[in-house]
Amino acid sequence: MPDDEELLAALGDALRARQEVPEWFVETGKNAYAWHNIDAELAQLTYDSLVDRERAAVVRSEAASIRALTFTSTRLSIELEVGEGSLLGQIIPPRAGTLEVHTTAGVTSSPVDEIGCFAVAPIPNSPFRLRCRTEDGADVLTGWITL
């Protein structure tokens, strides 16, 4: 059984470790938890061409230059292509709405047209998540994305 001195030393180590965590990281964690059980449905990452590309590298020598991501929920899917300086995407099934990009710096919005297409420029340079609100009432949120 540890004595008081050992317990105090362990507590001191824990407090020092907490101080070494960057503040933006703590805020990101708090913000992620704040969305827990909010009205938005969470969309899961169901496809990432980077993972597929790593598997295919065993049999192919050429790689696609565009990264593709797909997030799926029960109400819709969000398909993203990571291009040079921008994200191009589409909501499936197609419908109009608004796409929000949540970053550590704040939130920006982009329109989603009637065929479900949207663009985000520039690509966020920090972790971000997407929230899609459609005109027919769907409200879908992705997990945090780091490119």
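**How the strands of this chain are told apart and paired**

Colleague: What makes up the chain in this predicted model, counted in helices and strands?

Modeller: The chain has 3 helices and 9 strands, and along the sequence they follow the pattern α-α-β-α-β-β-β-β-β-β-β-β. The model is a predicted one.

Colleague: How do you know that β2 and β3 are paired, and in which sense do they run?

Modeller: Two strands count as paired if there are at least two bridges between them. Strand β2 (residues 67-72) and strand β3 (residues 77-82) are joined by 6 bridges, so they meet that condition, and they run antiparallel. One of the residues involved is Thr70, whose bridge partner in β3 is Glu79.

Colleague: What makes β9 a paired strand, and which strands are its partners?

Modeller: With strand β1 (residues 41-48), β9 pairs in the parallel sense over 3 bridges, and with strand β8 (residues 128-134) β9 pairs in the antiparallel sense, also over 3 bridges. The condition is at least two bridges, so both pairings satisfy it. On the β1 side, Leu42 has Leu141 of β9 as its bridge partner, while on the β8 side Cys132 has Val140 of β9. In addition, β8 and β9 form a hairpin with 4 residues between them, and Gly137 in the turn has a positive phi of about 100°.

Colleague: Why are β6 and β7 said to stand at the edges of the sheet?

Modeller: The open sheet of 9 strands has the order β6-β5-β8-β9-β1-β2-β3-β4-β7, with mixed pairing. Here β6 (106-112) and β7 (117-120) each have a single partner strand, so one side of each is left without a neighbour in the sheet. Neighbouring strands of this sheet are turned by 25° against each other on average, direction ignored.

Colleague: Which way do the residues of β9 point, and are they buried or exposed?

Modeller: From strand β9 (residues 139-142), Asp139 and Leu141 point one way and Val140 and Thr142 the other way. In a regular strand the side chains alternate between the two faces of the sheet. All four of these β9 residues are called buried because each has under 20% relative accessible area. For the chain as a whole, buried residues make up 33% of the 147 residues.

Colleague: Why are Leu8, Leu11 and Leu15 called a nonpolar patch on the surface?

Modeller: Members of a patch must each have over 30% relative accessible area, and nonpolar side chains, Leu included, are joined within 5 Å. Leu8, Leu11 and Leu15 form such a patch, so they satisfy these conditions, and together they have about 310 Å² of accessible area. Leu15 lies in helix α1 (residues 4-20).

Methods
Residues numbered from 1 in each chain as written. Predicted model: local features only at pLDDT ≥ 70, side-chain atom pairs only at ≥ 80, totals over all residues. Heavy atoms only, no water. Axes fitted to C-alpha atoms, helices over the stretch in contact; angles between N-to-C directions. Patch = residues over 30% accessible without salt bridge, like charges linked within 9 Å, V, L, I, M, F, W, Y side chains within 5 Å. Areas by Shrake-Rupley, 256 points an atom, 1.4 Å probe, with all protein chains shown as cover. Salt bridge = Lys/Arg side-chain N within 4 Å of Asp/Glu carboxyl O. Buried < 20%, exposed > 50% of the residue type's maximum accessible area, 1.4 Å probe, protein only.
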